[in-house]
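Me: Please take a close look at one part of this model, the stretch that its database record marks as a transmembrane region, and then set it beside the other parts that can be described residue by residue.

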Amino acid sequence: MTLSVQKRREKQKAELRSELVAAAHKLVQEEGYEGLTIRKLAKRVGYAPMSVYSYFADKQDILFALAEDAFETLARRIEDHPADDPVEALKAVMTEYAAFGLGNPNEYRTVFMTEKTKLPEGRSHEDMEEGNPAMKVLIKRVEACVAAGKLKGDPRAIATMLWTVGHGTISLLITFPFYPFGDPETYVKRMCNFMMASLSEHEIPPLTETPVDC
């Protein structure tokens, strides 16, 4: 096989995979997790189910692909909201994360609230980290706050704690819409301010005995 033919095939394969991921996003937005099946996905793009299996081993593989795509979208949204003040820049991460979740509740449930029992075949935790630009932006902005003396401790641990609180807040707003939280955006900001104030009062140690490189 010539190099040009190989490149053309690789390009075609990448384009079809992107088409499948885009179709999966639409299925989830319209029908939620239950509506995402290999058969429905194949039908939407006009391919045989076996063709889809050549790109994704199972439904969980599709979920990881959706997650990676969502992280890229989220990272772009965050980067569109820079700020000179490191604390405000960090808060922008949380508010954009919330806006993404509240604006796409079906997709948020599917991507962030569905159990992932195993890594995709041939992928390591490090590979998954590399495919998460949103977390990279979050850690980078936490590092800026630490460098400015606004926060103290391990950036990854701080970022993970912020993500935990953010995820919990968004999950509750989505799954308990009848609870009197008040205005959702205002509640998100209140939780963000509360967490930032709490973190600023303590030096946050690493999550594990062996710190992970950011």
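Reply: What follows begins with the annotated transmembrane stretch and then turns to the other annotated region, a glutamate and the cysteines.

The model is a predicted one, and the label you ask about comes from an unreviewed UniProt entry, where the annotation "transmembrane region" covers residues 157-179. Over residues 157-179 the chain is 83% helix and 0% strand, and the C-alpha atoms at the two ends lie 30 Å apart. Helix H9 spans residues 155-175, and Leu-172 is found in this helix. With a relative accessible area of 41%, Leu-172 is partly exposed, because that value falls between the 20% limit for buried and the 50% limit for exposed. Leu-172 also belongs to a nonpolar patch on the surface, which it forms with Phe-176, Phe-178 and Tyr-179, and the four residues together offer about 460 Å² of accessible area.

The second annotated stretch can be described in similar terms. In the unreviewed UniProt entry, the annotation "DNA-binding region" covers residues 37-56. The chain over residues 37-56 is 65% helix and 0% strand, with its end C-alpha atoms 11 Å apart. Ser-51 is found in helix H3, which is made up of residues 49-53, and Ser-51 is partly exposed, its relative accessible area being 27%. Between Ser-51 and Ile-38 there are 9.8 Å in space, C-alpha to C-alpha, for a separation of 13 residues in sequence.

A charged residue is worth following next. Glu-96 is found in helix H5, which runs over residues 86-103, and its relative accessibility is 12%, so Glu-96 counts as buried under the 20% cut-off. Once neighbours within four places in sequence are left aside, the residues in contact with Glu-96 are Leu-74, Arg-77, Ile-78 and His-81.

The cysteines complete this account. Cys-145 has a relative accessibility of 0% and therefore counts as buried, and Cys-192, with a relative accessible area of 8%, is buried as well. The structure holds zero disulfides.

Returning to the part you asked about, the annotation over residues 157-179 comes from an unreviewed UniProt entry, while the helix content of 83% is computed from the predicted model.

Methods. Residues are numbered from 1 along each chain as its sequence is written. This is a predicted model: local features need pLDDT of at least 70, side-chain atom pairs count only at pLDDT 80 or more; totals for chains, interfaces and linings use all residues. Side-chain values use heavy atoms; hydrogens and water are left out. Helices (H or I, at least four residues) and strands (E, at least two) are DSSP runs, numbered from the N terminus. Buried means under 20% relative accessible area, exposed over 50%, partly exposed in between (1.4 Å probe, protein chains only). Contact means heavy atoms within 4.5 Å. UniProt positions are given in the numbering used here, feature names are shortened, and annotations may be inferred rather than shown by experiment. A disulfide is a pair of cysteine sulfur atoms within 2.5 Å. Patches are made of residues with over 30% relative accessible area and no salt bridge: like charges are joined within 9 Å, nonpolar side chains (Val, Leu, Ile, Met, Phe, Trp, Tyr) within 5 Å. Accessible areas come from the Shrake-Rupley method with a 1.4 Å probe; for residues, only the protein chains shown count as cover. A salt bridge is a side-chain nitrogen of Lys or Arg within 4 Å of a carboxyl oxygen of Asp or Glu.
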